[in-house]
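Trainee: Could you take me through this model, beginning with its strands and then turning to its nonpolar packing?

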Amino acid sequence: MKIAINATILGKKPSGLGVYTTNIIKGIESNLSTDDQLLVYTSTPEHFEGSKKIQIVKTPKYMSPEYGKIGGLTRFIWNQIILPFRVKKDKVDIIYSTTHHGMFLSPIKQILTVHDLLPMIFPGQHKLQYYYFKYILPLLLKKSSRLVTVSSNTKEDILKSYKFNSSKIDVVYNSFEKTHFKNSTSSKYKDMLGEYILFLGASYPHKNLIRTIKAFNKIKAKHQDLNLVVAGGRADYKDQVKEHFKNDDEALDRVVFLDYIPYSDLPILYSNATLFIYPSLYEGFGIPPIEAMACGCPTIVSNTSSLPEVCNNASIYFNPEDINEISSTIINVLKDNQIQKDLIKKGYENCNRFSWDMSASKVYTLIKGDGSN
């Protein structure tokens, strides 16, 4: 069987969808049968250097996510005009897209991945994506033989929003880099920042940073040596947050914004934190809490969307729209060392549920099964 993978979402510095894409492709390669061929359509073949079983089909560099909206438009046009002819020329049997991008006029079976329905839930936050999910994705679903999604919660979201056969939607969990995210003995960030609660990835309003800061302000008087560290995320959103508190001189006095953290430092940042908070209003999966658990950091997370499914019994949950509940949850964990130890122990156990190899193996099985039907 000749399998193609649409990896046009992959950029030079993968994050999010790019990380999923590289790990799934490499996992599929390791599972590949001797009678299968694997073609990967990408503008960044360097991610697969040394791969012996992958045949790269180079796509235009302007399709890379680094080109922003131009890249998105170019990918869409390429998917609709070039890709149908390309897969026919390459004599592909089935194509798998690691994202929700596919062909209206697919000459072969195609499987799409829908990671979340964030644009449908927060349309004002992702206006262009909202129109795509509202009007274009339903047409692509009609031309898809199966769907892959990353949590049962997202599967339910898909069934509520679109007409698609439930038996044709398969849940394949995300994972994390197990060789990278583990407890670190370095005290680099604790020496630099003291005791801190860690908030990672402040990129959009649904990440809920403003309520988190308000909740932290309610408890910081009782914890004089505690800081709230906000790491990574989009600068424009963090500027909006700072603007929100411009008339409150003390609101941000113990909130530390770290704009760039090297990937190599993330395990240290997690390991040095007293507590990791993930107050998101919606997630298709939610990888950061799993990374924190793998680094031995206690986690508290929202009781919304996929997070209880992913974090299982290894987190303490709160209503992310209730500032008082967020603050009381922080206090209850900080004051009880036994709760912290239990969360760390259960966190390590919960991490064992996830593996990129297992996820890729499941995707490969789905592709093979659908392609042979």
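Trainee: Which residue in strand 6 does Leu112 stand opposite?

Mentor: This is a predicted model, in which local features need pLDDT of at least 70 and side-chain atom pairs count only at pLDDT 80 or more, while totals for chains, interfaces and linings use all residues. Residues are numbered from 1 along each chain as its sequence is written, and side-chain values use heavy atoms, with hydrogens and water left out. Strand 5 (residues 109–114) and strand 6 (residues 146–149) pair in the parallel sense over four bridges, where strands are DSSP runs of E of at least two residues and helices runs of H or I of at least four, numbered from the N terminus, and pairing requires at least two DSSP bridges. In strand 6, the residue opposite Leu112 is Leu147.

Trainee: What is the strand order of the open sheet of seven strands?

Mentor: The edge strands, each pairing on one side only, are strand 3 (54–58) and strand 7 (169–171). With parallel pairing, the order is 3-2-1-4-5-6-7.

Trainee: Which residues have the most contacts inside the largest nonpolar core?

Mentor: Such a core joins buried Ala, Val, Leu, Ile, Met, Phe, Trp, Tyr and Cys residues through side-chain atoms within 4.5 Å, buried meaning under 20% relative accessible area with a 1.4 Å probe, protein chains only. Helix 14 (residues 356–372) supplies the largest share of this core, six residues. Ile28 touches (heavy atoms within 4.5 Å) Ile5, Leu38, Ala360, Val363, Tyr364 and Ile367, leaving aside residues up to four places away in sequence. Within the 57 residues of this core, those with the most contacts are Ile28, Tyr96, Leu198 and Leu269.

Definitions and conventions
Buried means under 20% relative accessible area, exposed over 50%, partly exposed in between (1.4 Å probe, protein chains only).
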